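Dear colleague,

I am passing on the structure we spoke about, and below it you will find my notes on its salt bridges and its nonpolar cores. Please read them with the model open beside you.

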Amino acid sequence: MIVTRSWLNEWIDLEGITTDTLCKTFNAIGLEVDRVASFRVPEKIVIGHVVECERHPDADKLSVCQVDIGTSVRQIVCGAANVRKDLHVAVATVGAEMPGGLKIKPVKLRGVESEGMICSSTELGLSKTGEGIMELDKSVGNLVPGTPLNENPYFNDDLIEIELTANRGDCLSIRGVARDLSAAFNRPLKEHSYNDEDEHRLGIGRILQLSHTDVPDVNLRYRAIDMKGLKLPLLMELRLAQVEEERPTCIESMLLYATHSTGVILRAYHYGAFAEEGSSKAKINVRHDENGYAAVFGKERASVLGIRQEEASRVTYNEGTVLIEASYIPPEVISKKMAESKIENGPLFYRTSRGSEPQLDLGLKYCLGMIEDYSDSAIFGGNIELLDEHEVTMVGITLQEINAFIGAEVDKTTITQILKNLGFNIDKSTNESFVVGVPRYRHDIVNKQDIVEEIVRLVGIDNIPSKPFVFTEANRFESDYERYQKRRIYRHRAAQSGFFESVHFVFNEREQLERYGFTCVDKSLELLNPIVNTLDTLRPTLLMGLLNAASQNAKVGRKQIPIFEIGNVFDPQRNESLRMGMVYSGDGERETLRNAGKPQSIGFEGFVQKVGDVIGDFTLQPSMTVHTLAHPFQSAALYIGDIRVGELFRVHPNVEAAFDLDETFLCELDFSALPYGLKEAKSFSKFQASFRDLSVVMPSSMAYAEIAAVIEANKRSEVIRYYPVDRYADASLGDKVSLTLRFMLQSPEKTLEEEDITASMDGILGALESQLGLALR
């Protein structure tokens, strides 16, 4: 869409608003500026009046003119074919420098003195306005000889080309763009009046009759003129050239100018295309054509409404009766029909398919006023129309909703001004809510969000305070997902630690379970129809299933058998709980070059390490199991913190033999007690850590837990962690053993000095000696 500053000024007062401000405002309100061009007439170009014009004595194509330039009458030789007496022209006086660099000097042309140049529009740097010199008329203002043209706003204008989105057909006119500026600057639109009330006019009903056949969504209004002496004024010619539009006849050019200015789709029809020979009336029939389009018919089809006009119905004469049509069809109707059945379209289709101005009388009166001003034509009184029944789209929205959408407070007065200036009807609104009637030219406004978008773009996105983005959504993850995620994490950890997952039925053999001391489901709650006799009860433990699986693997020659399972078990009352079980039997590693193909068995320490790799840190305390699967001297309860989460043991040798297994270890854990959740990062010291070993002689019957309890109670903050690294026994120690503990010491504030380390170690050793009677080895 191309607009000029002076053309916009005819619809809205732009006093005090620079072109730069205009462009910034366009961009701010969503009308993106694509191009800006300026037209400036040089100095010493003035209005001249040709008082005499004669042929050059020595050149047929030259004329010798006497031109009044206000201060004097100058003789100018001109080669334009359209120069003539009494014409007002643009004169470049002596000393003027033309846009192309030409300097005007007194010269002799074929022996005749010439003081200046009569200019065409292109010679002044303007758009082309026909052949020959530019003929000035009253459309560009008062024509006073000597008036500099660089003071005339029509010749010193700024052109702005705007890129419109597909939904903004309402801005495909100067008035439509001015309407948005009216809302942006809070300035009223200018009204253009036309006095149509003349009782002496001949009524249009005497020369025209309209009929129609079931054509919904069509809005038509017809006027008629007796055209005579119509000439396109210079201002219209210049502006149409600036917006890169032209038509072959004056009447079509004037209608195009009115359409570009008001947005109303206007067409001129040859009167004879509708009047039969000898008939006093032209007859227009509106109906659907063979393609289903709404069309205008006379003797034959004259036009497809909103799409194209047939050549036979165009006005090609300069005098006679002309029918002028204003039309509006909803853009969605035309676009949908064109998608269904595409036909050839004309130059007005782009406007009608995007959305034109539905206020038909506005465009007609604007056009008829110009025809009366620039011709001797007679206007027929009244009009003939065909209008549809349009239901206004109403959108209700509260002030609170508007501010919630925007994320900022916009006062009601500002919102009211914006909506009114944009043409929305808010007469039914109340104190805290708006009932918005959407104008028909804004077919893209259908809901609350659209209303808010209009307010935001006019307030200006840069004027809305920035806020941090907050995205709040209800937590969609329920406990089922957390249980699944926890289970998935531990399954992956076990697999990464070398275990293979085994999935078993939740059934076991009751006789086998009771043989090894497990309490099964109460018989009154037992399965009524077991799958097989060996799966006749719900399992109370994972251990038997894992032990059976390990036995099957051993029988097929597996030498390394690490298996885990996470599954449900049942107490005597059939209450369900989730547990994790692990079994490891045979070699602690694969046969490799490193172990010469003879790997050692897993061992108790190796199995404990494997379990730790899966569940993290834990402690063991001596404990006896209630069942008989465990070795009595290699059995422990497993604690995480102060919570007992399960048991870990070596399988009793008799049981190993019964299942044909080598040295085998089992672990069963309460899965709900295993840690799961967000891990918080903890600070660590940047200073060097120190390590010290402490070897003490202790009774062989003393539990490590007793030593750990004393150390925990007496260690200083520098002791980060400690752990046993060696246990030694020989005959010289008798019934005692030597235990070596390694301590890691580190301070968050400094590198520990020897005195600090010694003090910490002495404190621990003193406590072990005084409380447990242990001696340094």
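The structure holds 46 salt bridges, and please keep in mind throughout that this is a predicted model.

I begin with a pair that links distant parts of the chain, namely Arg-239 in helix α4 (residues 234-242) and Glu-10 in the loop between α1 (5-9) and α2 (19-28), which are 229 residues apart. The closest N and O atoms of the salt bridge between Arg-239 and Glu-10 are 2.7 Å apart, and both Arg-239 and Glu-10 are buried.

A second salt bridge joins Arg-84 to Glu-135, with 2.8 Å between the closest N and O atoms. Arg-84 belongs to the loop between β5 (73-78) and β6 (88-92), while Glu-135 is in strand β10 (residues 135-136), so this pair ties together parts that lie 51 residues apart in sequence. With a relative accessibility of 39%, Arg-84 counts as partly exposed, because that value falls between the limits of 20% for buried and 50% for exposed.

The third pair, Asp-361 and Lys-365, forms a salt bridge in which the closest N and O atoms are 3.2 Å apart. Because Asp-361 and Lys-365 are four residues apart in helix α8, about one helical turn separates them. Asp-361, at 22% relative accessibility, counts as partly exposed, and Lys-365 is likewise partly exposed, its relative accessible area being 30%.

Beyond these pairs, you may wish to look at a network of salt bridges that links Arg-168, Asp-170, Asp-180, Arg-442, Asp-444, Glu-454 and Arg-457.

Turning to the nonpolar cores, the largest has 135 residues, and of these Leu-124 and Phe-155 touch the most other members. Helix α8 (residues 360-373), with seven residues, gives the most to this core; Asp-361 and Lys-365, the salt-bridged pair described above, are in that helix.

If residues up to four places away in sequence are not counted, the contacts of Phe-155 are with Phe-39, Arg-40, Val-41, Leu-126, Met-134, Leu-136, Val-140, Leu-149, Leu-234 and Leu-238. Apart from the largest core lies another, made up of 25 residues, among them Ala-494, Ile-566, Val-611 and Phe-665.

With best regards

Key
Residues numbered from 1 in each chain as written. Predicted model: local features only at pLDDT ≥ 70, side-chain atom pairs only at ≥ 80, totals over all residues. Heavy atoms only, no water. Core = buried A, V, L, I, M, F, W, Y, C linked by side-chain atoms within 4.5 Å. Buried < 20%, exposed > 50% of the residue type's maximum accessible area, 1.4 Å probe, protein only. Helix = DSSP H or I, 4+ residues; strand = E, 2+ residues; numbered from the N terminus. Contact = heavy atoms within 4.5 Å. Salt bridge = Lys/Arg side-chain N within 4 Å of Asp/Glu carboxyl O.
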